[in-house]
Amino acid sequence: MKMKKKKDILIVGVGGQGIIVASEILADVGKEAGFDVKKSEVHGMSQRGGSVSTHVRFGKQVFSPLIRQGKVDFLLAFELLEALRWVNFLSPHGAALVNNLKINPTTVSSGSMEYPSNIAHLLKESGHTIQLIEGINLAEQAGSKRAVNIVLLGALSGFLPDIAEEMWLKVIRSRVSAKTLQANEKAFYLGRKDA
Amino acid sequence: MKVLLSGNEAVARGGYEFGVSVAAGYPGTPSTEILENIVHFSEIYCQWSPNEKVALETGIGASLAGARTLVTMKHVGLNVAADPFMTLAYTGVNAGLVIVCADDPGMHSSQNEQDNRFYAKFAQVPLLEPSDSQEAKDLVGFGLEISEKYDTPVLLRLTTRISHSKSLTEVKDQRIVSSIGPFAKDPKKYVMIPAHSRKRHVLMKTRTKSLRALSESTDWNRCEMNDKKIGIICGSIAYQYAKEVLPEASYLKLGMSHPLPHKLITDFARHVEKLYVLEELTPFIEDQVKAMGISVEGRSMLPDTGELTPDIVAQAFLHESAPKGYHPGVELPPRPPVMCPGCPHRGLFYTLSRKKIRAMGDIGCYTLSVLPPLQAMDTCICMGASIGTAHGFNKASQGSDVPPVVGVIGDSTFLHSGLTGLLDVAYNQGNSTIIILDNRTTAMTGFQHHPGTGLTLQGKETRAVDLKALAESFGISRVHEVDPYDLKQLSQVIDREVKASEPSLIISRRPCVLLERKKRKTKPVQRQVAVDLCTGCKACLKLGCPAISFLAEDKAVIDPLMCNGCPVCEQVCKAGAIQSVAI
């Protein structure tokens, strides 16, 4: 198989948003596509509604499971503030795919700090390609509010032309329950079309 | 077949492939998933022990009986198990015994970042350090083999980035059957009275010499000669970061890092122009290399604390400045972890916080109550420390006008190492009030069973400890069970018990809301804010519930996606604005 270019993907969001499952699917897709794959995440105290970040790396040979700052090809952000927090990890040519959703951290809901008001604008100021995705709307359209992570993976798939659509679907089918399969497949297509 | 496994999954897989038949441990991030994966192999008996000391003692017994054994824990767990560990190093083993401990550099989910490599040197046992999942799996096999061959327990040290990173791992279906015989009576080896221990200690010195020879010859310690200008000695995750940043350098990669291969290090040092050691946390290897009289650099180039990253390695070796990147020019509110909406601990800590009662704390989800707005925890040292700390504080304050403090501890933590503390309070005639936050699980690490839940790791029904009867058997007669969702009752009981002149135990009992949510068939009775009744007093915000926030127009709002339907905020709202949502 012709070796494809390396891809470094950082998935960020809030604990409980289904980020780990998304990263599992993405890593499996990389493996199916014939890459060496590494993935790193953090459990325990770092969940419980806190900021969560997961690194997924594809390449011919991957050493570090962590991506270096400024080398991320794609930032897949499940939440706006988290996108802004991590946007400086993008490489100069990197793109951010951002779920257009605001979740107040307790530092904001308690009134001690303010949630930045114009995040979409601030993200664009970074100079990177920023794609906002209406994840919840699309997931609802697909038939399951919980399928936001699959919508976002669908959007990412549109940026990875080396990897066949069928490979994504194969992995998604192996990872979701039969009951939710239809909604998840639809969520994937809606995300892919949106990107 | 190659599969993507985390380091923890790979250790479990290694347990299967290399013939482990007994495994024991106590949950602790980042080690928990080892046993959670071993449970899928029916060939292996596995259990959650009440604590790491008992887990290791169970492991010793299993090894003596002829079973290849794994014992798993997080780094601080080995402090608890240090007593058997240090003398197990004298007795040695029968069947292979590998102790897997996972360090947490950077303290992602821990109270300290101790470097457990020192335990291997301290106890004089071999130390193995994988740098990816394949190595984690294979080192289980190597560890069991040398444990049997050299009659020693083996320390397999993971770190968060090894335990929780996934990489491709070759898995096999066949399982090695261990050929170790049954226990043979041998008091000189197994009964550590001074006369026997003195002889065993001499044997340990010989064993270390043999192990050092192994460390020189094993393929697990290998030179990768490349550009000879830079030579780096490293292992574990530091190896991966170094290879990422400095692919052209020469490496002495150590998979077995105690005892160190002196000759290999000397030869490697001779063949490179400039020698470095790259290691996380402490100069464990570097100091030993320096003691050999070899000029080497490492720790001085790195930050003194915290975990390594490839960026730190690049800054140290390539003198790259930290990447500037884009900064949005606004302050980003941090997003600390929080107790979940509906968490039964919230009502308890809210009550303590309102009453300004000092709480000696412990390890678990509830430690998050230290953060604003609750700020209800005054100490957190280690598993079980709350009770002894409260007892000591109150003894020292007796007769002064310092109000008594309470000890707060989770159910799993209490059964781990709170029992002896409570016994101390009872025995030494303390007057402390101890509160057990009984949420019927080990929540922080992902809902593991413990001796209070009535189920084992392997899903078997079992007897569940009766906390009330237990405390009464210690001689504590004031034992009260309360529902932390009932703030009024909670307040009355706490007021009464902290004033009592004898010890008391309050069991604040309600299952973890996440567990309940999984079991639940119907939607919970959620709460919402009647906007016209909300006075904007912000009393509800003092609960620190992530589902409640404040709108710009000075009214509270409850996020229906997050609300798990607990009645606590309703009781806090004096205006009656928080109401149940009619279904």
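**Figure 1. Salt bridges and polar contacts where chain B meets chain A.** In this predicted model, 6 salt bridges are counted between chain B and chain A. One to zoom in on joins the side chains of Asp311(B) and Arg68(A), at 3.3 Å from N to O. Polar contacts across the chain B and chain A interface come to 19 residue pairs, with both residues at pLDDT 80 or more. On the chain B side, S1 (2–6), S8 (165–170), H11 (236–245), H14 (310–317) and S20 (548–550) each bring at least two residues to the surface touching chain A. H11(B) gives the largest share of that side, 6 residues.

**Figure 2. How much the two chains bury.** Here 52 residues of chain B are in contact with 52 residues of chain A. Together the chains bury about 4,700 Å², and carbon and sulfur atoms give 61% of this area. Have a look at Tyr326(B), Pro333(B) and Arg335(B): they supply 20% of the area that chain B buries against chain A, more than any other three residues.

**Figure 3. A sheet built from both chains.** Eight strands line up in an open sheet of mixed pairing, in the order S6(A)-S5(A)-S4(A)-S1(A)-S3(A)-S2(A)-S8(B)-S1(B). At the edges are S6 (129–133) of chain A and S1 of chain B, each paired on one side only. Ignoring direction, neighbouring strands in this sheet are turned by 20 degrees against each other on average. Helix H1 (residues 19–32) of chain A packs on the sheet, where it touches S1 (7–14), S2 (36–40) and S3 (51–59) of chain A as well as S1 and S8 of chain B. The direction of H1 of chain A makes about 0 degrees with that of S3(A).

**Figure 4. One strand pair from the two-chain sheet.** S4 (residues 72–77) and S5 (residues 90–99) of chain A run in the parallel sense, paired over 5 bridges. To find your place in the ladder, start at Phe74(A), whose bridge partner in S5(A) is Ala95(A).

**Figure 5. The parallel sheet of chain B.** This one is an open sheet of 5 strands with parallel pairing, ordered S14-S15-S16-S18-S17 in chain B. S14 (359–360) and S17 (478–482) of chain B each have a single partner strand, so one side of each has no neighbour in the sheet. Further in, S15 (residues 406–410) and S16 (residues 433–438) of chain B pair in the parallel sense over 5 bridges, and Ile409(B) has Ile436(B) as its bridge partner in S16(B). Helix H20 (residues 487–499) of chain B lies across S15, S16, S17 and S18 (504–509), at about 165 degrees to S17(B).

**Figure 6. Domain 3 against domain 4 in chain B.** Chain B splits into domain 1 (2–217), domain 2 (221–317), domain 3 (345–519) and domain 4 (527–580). Taken over C-alpha atoms, the centres of domain 3 and domain 4 of chain B are 27 Å apart. Their contact involves 13 residues from domain 3 and 12 residues from domain 4 of chain B. About 1,000 Å² is buried between these two domains of chain B, 63% of it on carbon and sulfur atoms. On the domain 3 side, Arg346(B), Tyr350(B) and Tyr485(B) lose the most area to domain 4, together 51% of what that side buries. The count of salt bridges between domain 3 and domain 4 of chain B is 0, but 5 residue pairs are in polar contact, both residues at pLDDT 80 or more. H15 (345–354), H20 and H21 (513–519) of chain B each supply at least two residues of the domain 3 side, and H15(B) gives the largest share, 4 residues.

**Figure 7. A salt bridge between distant parts of chain B.** A search of the whole structure turns up 50 salt bridges over all chains. In the one shown, the side chains of Glu279(B) and Arg117(B) meet at 2.9 Å, N to O. Glu279(B) sits in the loop between S13 and H13 of chain B, while Arg117(B) belongs to H6 (residues 117–123), 162 residues apart. Look in the loop between S13 (274–278) and H13 (284–291) for Leu281(B) as well: its phi is near 75 degrees, a positive value in a residue other than glycine.

**Figure 8. Two cis peptide bonds in chain B.** Thr29(B) and Pro30(B) are joined by a cis peptide bond with omega at about 10 degrees. Pro30(B) is in the loop between S2 (20–25) and H2 (33–38) of chain B. Another cis peptide bond joins His258(B) and Pro259(B), with omega at about -10 degrees. Pro259(B) lies in the loop between S12 (256–258) and H12 (262–271) of chain B.

Key: Residues numbered from 1 in each chain as written. Chains lettered and ligands numbered in written order. Predicted model: local features only at pLDDT ≥ 70, side-chain atom pairs only at ≥ 80, totals over all residues. Heavy atoms only, no water. Pairing = 2+ DSSP bridges. Contact = heavy atoms within 4.5 Å. Axes fitted to C-alpha atoms, helices over the stretch in contact; angles between N-to-C directions. Domains from an automatic or database assignment. Buried area = accessible area lost by both parts, 1.4 Å probe. Salt bridge = Lys/Arg side-chain N within 4 Å of Asp/Glu carboxyl O. Polar contact = N/O pair within 3.5 Å; in protein donor to acceptor, adjacent residues only side chain to side chain.
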